[in-house]
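User: I would like to learn how to read a few features of a protein model. Please show me the structure, and I will ask about it.

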Amino acid sequence: MVSQEIKKSSHMPLSLMLNKIKLQKKGTTIDFFGGEPTLHPFFMKALEFTRERGFSATIATNGRMFFYDDYVKKIARLGVESIRVSLYGNTAKIHDYITNSEGSFDQTIMGLRNIVRNKIAVRVNIVVTKLNYKHLKEIVVLLRSIGVRMIKFSNLSISGNLLKNKALIPDLEKVKPCLESAVRYSRKKKMSVYIEKTPLCLLPELHKKIFIWEPDAGEDKRAKLKECRDCFCKNNCSWRPTGYPYKTYWVSPIGKFNKGFPVLQN
Ligand code: SF4
């Protein structure tokens, strides 16, 4: 039960949260993200305060609390601008395995249905792993059937626990045809497609069809490959090969004649 998880988790004090919100400049969008913001016992209070202060709000969530329609209605009334939901598979078996929480897939999918029904803008973050890369198109088909129109394919960032256990990291060479097919399908169905932490040279021929989420801010100092030195897109490509366990011979710099690539928009 989500309510039991709320009781168990530790939180930023409400006063600190409200102070942080208070200090923002006029016109700021307050982004609530995790851990899991909906598990914070005063999340709703913070949202109400955000609204009272005239700020807009966005939320990054696992979507499970949105299973409850009353909850979604409250969020909608508070004028939340958009919600970002993470999804790890097209089946409960895959999604629940990654989240380590039985029933989470069903809750997230119902949550997405409720969000769409309540007309809140939603973007689904499809985290690409070894378990789901063959099903990317099926995930998109599922999302489209729910009414989701904005998706993001996010590659894993190889850090923290992933450095010790690389079992979930997919071979990007194998991901490529599945990702291409999923992107082509999504665009054909007029969905907006973003990619994140993915080598741009993996999809060079799709450059006019995708947006890049958070282009390289240059904050990640981990080395790129020598091939990247001459790449016209190196300042936008946020993929880092450090710790990547497969061959990278397919990496090839994007030349200046591809300068239409990438389309940047958050
Ligand atoms: S060559 Fe390197 S910098 Fe350029 S798109 Fe490929 S991975 Fe990114």
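User: What percentage of the 266 residues in the protein chain do buried residues make up?

Analyst: This is a predicted model, and the values are computed from it. Burial is judged by counting C-beta atoms within 10 Å of a residue's own, with 20 or more counting as buried and 12 or fewer as exposed. In the protein chain, buried residues make up 31% of the 266 residues.

User: Which elements does the protein chain have, and how many of each?

Analyst: The chain has nine helices and eight strands. Its radius of gyration is 19 Å, close to the 18 Å from the globule rule for 266 residues, so the chain is as compact as a globular protein of that length. The C-alpha trace spans about 50 × 40 × 40 Å along its principal axes. Of the contacts with a separation of 6 or more, 72% are between residues 24 or more positions apart.

User: How should I read the packing of helix α5 and helix α6, and at what angle do they pack?

Analyst: Two packed helices are described by the angle between their axes and by the distance between the axes. Here helix α5 covers residues 92-99 and helix α6 covers residues 104-117. Their axes are 8 Å apart, at an angle of about 105°. That angle makes α5 roughly perpendicular to α6.

User: Which residues of α5 and α6 meet?

Analyst: From α5 come Ala92, His95, Asp96 and Thr99, which meet Ser104, Phe105 and Asp106 in α6. The residues of this contact divide into two nonpolar, three polar and two charged.

User: Take Ala92: with which residues is Ala92 in contact, leaving aside its neighbours within four places in sequence?

Analyst: Ala92, which has its place in helix α5, is in contact with Phe105 and Asp106 when those neighbours are left aside. Ala92 is partly exposed, because 15 other C-beta atoms lie within 10 Å. As for a residue further along the sequence, Pro245 is 153 residues from Ala92, and the two are 27 Å apart in space, C-alpha to C-alpha.

User: What is there to note about the phi of Asn100?

Analyst: Most residues other than glycine have a negative phi. Asn100 is not a glycine, yet its phi is positive, about 60°. Asn100 lies in the loop between α5 and α6. With 7 other C-beta atoms within 10 Å, Asn100 is exposed.

User: Where does Lys119 lie, and what is its phi?

Analyst: Lys119 lies in the loop between α6 and β4 (121-128). Its phi is positive, about 60°, although Lys119 is not a glycine. Lys119 has 9 other C-beta atoms within 10 Å, so it is exposed.

User: Now a further loop residue: is Leu39 buried or exposed?

Analyst: Leu39 counts as buried, because it has 21 C-beta neighbours inside 10 Å. The loop that holds Leu39 is between β1 (29-32) and α3 (43-52). Leu39 and Thr61 are 22 residues apart along the chain, and their C-alpha atoms are separated by 9.6 Å.

User: Finally, the ligand: which residues around the ligand come nearest?

Analyst: There are 15 residues around the ligand, of which Pro199, Cys201, Cys228, Cys231 and Cys237 come nearest. The shell around the ligand divides into 12 nonpolar, no polar and three charged residues. Cysteine and proline count as nonpolar in this division.

Definitions and conventions
Residues numbered from 1 in each chain as written. Predicted model: local features only at pLDDT ≥ 70, side-chain atom pairs only at ≥ 80, totals over all residues. Helix = DSSP H or I, 4+ residues; strand = E, 2+ residues; numbered from the N terminus. Rg over C-alpha atoms; globule rule 2.2 N^0.38 Å. Contact = placed C-beta atoms within 7 Å. Axes fitted to C-alpha atoms, helices over the stretch in contact; angles between N-to-C directions. Parallel < 35°, antiparallel > 145°, perpendicular 65-115°, else oblique. Near = placed C-beta within 6 Å.
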